[in-house]
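This report describes the strands, the nonpolar core and the charged contacts of one protein chain. The sequence and the structure are shown first.

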Amino acid sequence: MTIISLDVDQITRVAAGGDRGFAAFRDGQEAGIIELRYEGDLYAYHDTYRSFLNSSSTILDLDIWQDTLYVTTTAGIIAADYTRDNLK
């Protein structure tokens, strides 16, 4: 597998399932999740999600179960079906 470079300060958590991967990141004062899709022999950047966190929340963990992405934050747990829901 080839590792790609993401232009962020820090990756704090990673979860992968099937052809999707998600990475929690910090970039300066911003935080969010990067969605990656497996293409050929590497995970390639697909999209970035930043707007679901409030300014005082921190992502503690990411998990995938079936088609649901679970994001554990200091404010609670967020869950979304990443194959059907608009994650923005």
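In which strand is the place of L69? L69 belongs to strand β6. The model in which this residue is described is a predicted one.

## L69 and its surroundings

L69 has a relative accessibility of 6% and therefore counts as buried, since the cut-off for that class is under 20%. Once residues up to four places away in sequence are set aside, L69 touches F22, I33, L62, D63, I64, I78, A79, A80 and Y82. The C-alpha atom of L69 is separated by 9.5 Å from that of A16, although the two residues are 53 residues apart along the chain.

L69 is also one of the residues that touch the most other members of the largest nonpolar core, a group of 14 residues. F22, I33, I59, L62, V71 and L87 are the others named in this respect. Strands β2, β3, β5 (59–65) and β6 (68–73) each supply at least two residues of the core. In soluble globular proteins, nonpolar side chains tend to be buried together.

## The sheet of three strands

Strand β6 is part of an open sheet of 3 strands, arranged in the order β5-β6-β7 with antiparallel pairing. β5 and β7 (76–81) stand at the edges with a single partner strand each, so one side of each has no neighbour in the sheet. On average, and with direction ignored, neighbouring strands here are turned by 15° against each other.

The antiparallel pairing of β6 with β7 extends over 6 bridges. Within this pairing, Y70 has A79 in β7 as its bridge partner. A79 is also among the residues in contact with L69.

## The sheet of four strands

A further open sheet has 4 strands in the order β1-β2-β3-β4, and its pairing is antiparallel. Its edges are formed by β1 (10–17) and β4 (42–49); each has a single partner strand, so one side of each is left without a neighbour in the sheet. The average turn between neighbouring strands of this sheet is 25°, direction ignored. Strands of a sheet pair through backbone hydrogen bonds, either parallel or antiparallel.

β1 and β2 (residues 20–27) run antiparallel and are joined by 7 bridges. In this pairing A16 stands opposite G21, and R13 has A24 as its bridge partner. The two strands form a hairpin with 2 residues between them, and G18 in the turn has a positive phi of about 60°.

## A buried glutamate and its partners

E35 lies in strand β3 (residues 30–39). Is E35 buried or exposed? Its relative accessibility is 2%, and because the cut-off is under 20%, E35 counts as buried.

The side chain of E35 makes a polar contact of 3.2 Å with the side chain of R20. A salt bridge joins E35 to R37, with an N to O distance of 3.1 Å. Unlike E35, R37 is partly exposed, with a relative accessible area of 26%. Beyond its neighbours within four places in sequence, E35 is in contact with R20, G21, F22, A44, Y45, H46, D47, Y49 and L87. Of these contacts, F22 and L87 are also among the core residues that touch the most other members.

## Salt bridges

How many salt bridges does the structure hold? There are 6 salt bridges in the structure. Side chains of opposite charge can pair when their charged atoms come close.

One of the salt bridges joins R20 to D19, with the closest N and O atoms 3.7 Å apart. R20 is buried at 11% relative accessibility, whereas D19 is partly exposed at 45%. A network of salt bridges links D19, R20, E35 and R37.

R84 and D81 form another salt bridge, in which the N to O distance is 3.7 Å. Here R84 is exposed, with a relative accessible area of 70%, while D81 counts as buried at 16%.

Notes: Residues are numbered from 1 along each chain as its sequence is written. This is a predicted model: local features need pLDDT of at least 70, side-chain atom pairs count only at pLDDT 80 or more; totals for chains, interfaces and linings use all residues. Side-chain values use heavy atoms; hydrogens and water are left out. Two strands pair if DSSP finds at least two bridges between them. Axes are lines fitted to C-alpha atoms, for helices over the stretch in contact, and angles run from 0 to 180 degrees between N-to-C directions. Buried means under 20% relative accessible area, exposed over 50%, partly exposed in between (1.4 Å probe, protein chains only). A polar contact is a pair of N or O atoms within 3.5 Å; within protein, one must be able to donate a hydrogen and the other to accept it, and residues adjacent in sequence count only if both atoms are side-chain atoms. Contact means heavy atoms within 4.5 Å. A nonpolar core is a set of buried Ala, Val, Leu, Ile, Met, Phe, Trp, Tyr and Cys residues joined through side-chain atoms within 4.5 Å. A salt bridge is a side-chain nitrogen of Lys or Arg within 4 Å of a carboxyl oxygen of Asp or Glu.
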